[in-house]
Amino acid sequence: MKNPINLKEIELRKQFFTELQKKMPEFKTYFVSGASECELQNDSDWENQCITLAYEVNPVCMLAVTWNAGLYQNEYGKEMLEIGFRKHFARILPDENFYKQHEEAFSGNSLGVPANLNQWWYQCKLVDVDANEVSHILSQMITFCKIELEECNEDK
């Protein structure tokens, strides 16, 4: 079931993610459907409350930025995004063994927040809607993936 999102916000999110994906072509865009995600296929998919741009780190983890419309705002009432490491789109829940194996590495990366396993995320931080800042953070996190999570990529 889709939550109503106004046309202005739909266009703003579409523009944001399209601009970001141009900078990060290896990332794919998804929307949440129940407890799982589906890759965006058509314009009506942008009407979903939760849109994610993600990079597959391995079969259990994705590096992602998520815009969950209306869920998070900063002190000025502007939307905020979730960014970090989350469960793979094909999984119902995060992998606890993967989390325990990499908890220390997650806590030491450039997000600057502790790892905190929940229904969707291994580690997550809120940031303002700014494509340049988000692409910079994602670039740093890709480097982290290649260095700290390198052994995980071998399972891919």
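**View 1. Asn48 sits in the loop between strand S2 (36-39) and strand S3 (50-58).** This is a predicted model, as are all the views below. Loop or not, Asn48 is buried, because its relative accessible area is 6% and anything under 20% is called buried. Its partner in this close-up is Ile10: the two are 38 residues apart in sequence, yet their C-alpha atoms are 8.8 Å apart in space. Ile10 itself is one of the buried residues of helix H1, which gets the next view.

**View 2. Helix H1 runs over residues 7-23 and has a buried side.** From its first C-alpha to its last, this 17-residue helix reaches 25 Å, close to the expected 24 Å. Glu9, Ile10, Arg13, Phe16, Phe17 and Leu20 are the buried residues here. They end up on the same side of H1 because they cover an arc of only 135° around the axis. An α-helix has 3.6 residues a turn, so residues three or four places apart point the same way. Flip to the other side of H1 and you find Leu7, Lys8, Gln15 and Lys22 exposed. Right at the start of the helix, a side-chain oxygen of Asn6 comes to within 3.1 Å of the backbone nitrogen of Lys8.

**View 3. The largest pocket holds about 240 Å³ of space.** Asn6, Lys8 and Glu9 help line this pocket, along with Leu12, Trp67, Asn74, Lys78, Glu79, Asp128 and Val129. H1 supplies the largest share of the lining, with three residues. Sorted by class, the lining has five charged residues, three nonpolar and two polar. Asn6 and Lys8 will look familiar: they are the pair seen at the start of H1.

**View 4. Met24 is in the loop that links H1 to strand S1 (28-33).** Met24 counts as buried because its relative accessibility is 4%, and the cut-off is 20%. Look for Leu53 in the same frame: 29 residues separate it from Met24 along the chain, while 9.3 Å separates their C-alpha atoms.

**View 5. Thr66, in strand S4 (residues 61-68), pairs up with Thr52.** The side chains of Thr66 and Thr52 make a polar contact at 2.8 Å. Thr66 is another buried residue, since its relative accessibility is 2%.

**View 6. Helix H2 spans residues 96-107 and, like the helix in View 2, has its buried residues on the same side.** H2 has twelve residues and reaches 15 Å from first C-alpha to last, close to the 16 Å expected. Buried in this helix are Phe98, Tyr99, His102, Ala105 and Phe106. These share the same side of H2 because the arc they cover around the axis is only 125°. Asn97, Lys100, Gln101 and Glu104 are exposed, on the face turned away from the buried side. At the start of H2, a side-chain oxygen of Asp95 reaches to within 3.0 Å of the backbone nitrogen of Asn97.

**View 7. Pulling back, the protein chain has four helices and six strands.** Starting at the N terminus, the elements go α-β-β-β-β-β-α-β-α-α. Of the 156 residues in the chain, 47% are buried. Among the elements you have already met close up are H1, S4 and H2.

Notes
Residues numbered from 1 in each chain as written. Predicted model: local features only at pLDDT ≥ 70, side-chain atom pairs only at ≥ 80, totals over all residues. Heavy atoms only, no water. Expected span 1.5 Å × (residues − 1). Buried < 20%, exposed > 50% of the residue type's maximum accessible area, 1.4 Å probe, protein only. Arc of directions from axis to C-beta. Polar contact = N/O pair within 3.5 Å; in protein donor to acceptor, adjacent residues only side chain to side chain. 1 Å grid on protein atoms, 1.4 Å probe; cavity = no way out; pocket = protein on both sides within 12 Å on 5 of 7 lines; lining within 4 Å. Points joined across faces, edges and corners; volume = space filled by probe spheres on them. Nonpolar A, V, L, I, M, F, W, Y, C, P; charged D, E, K, R; others polar.
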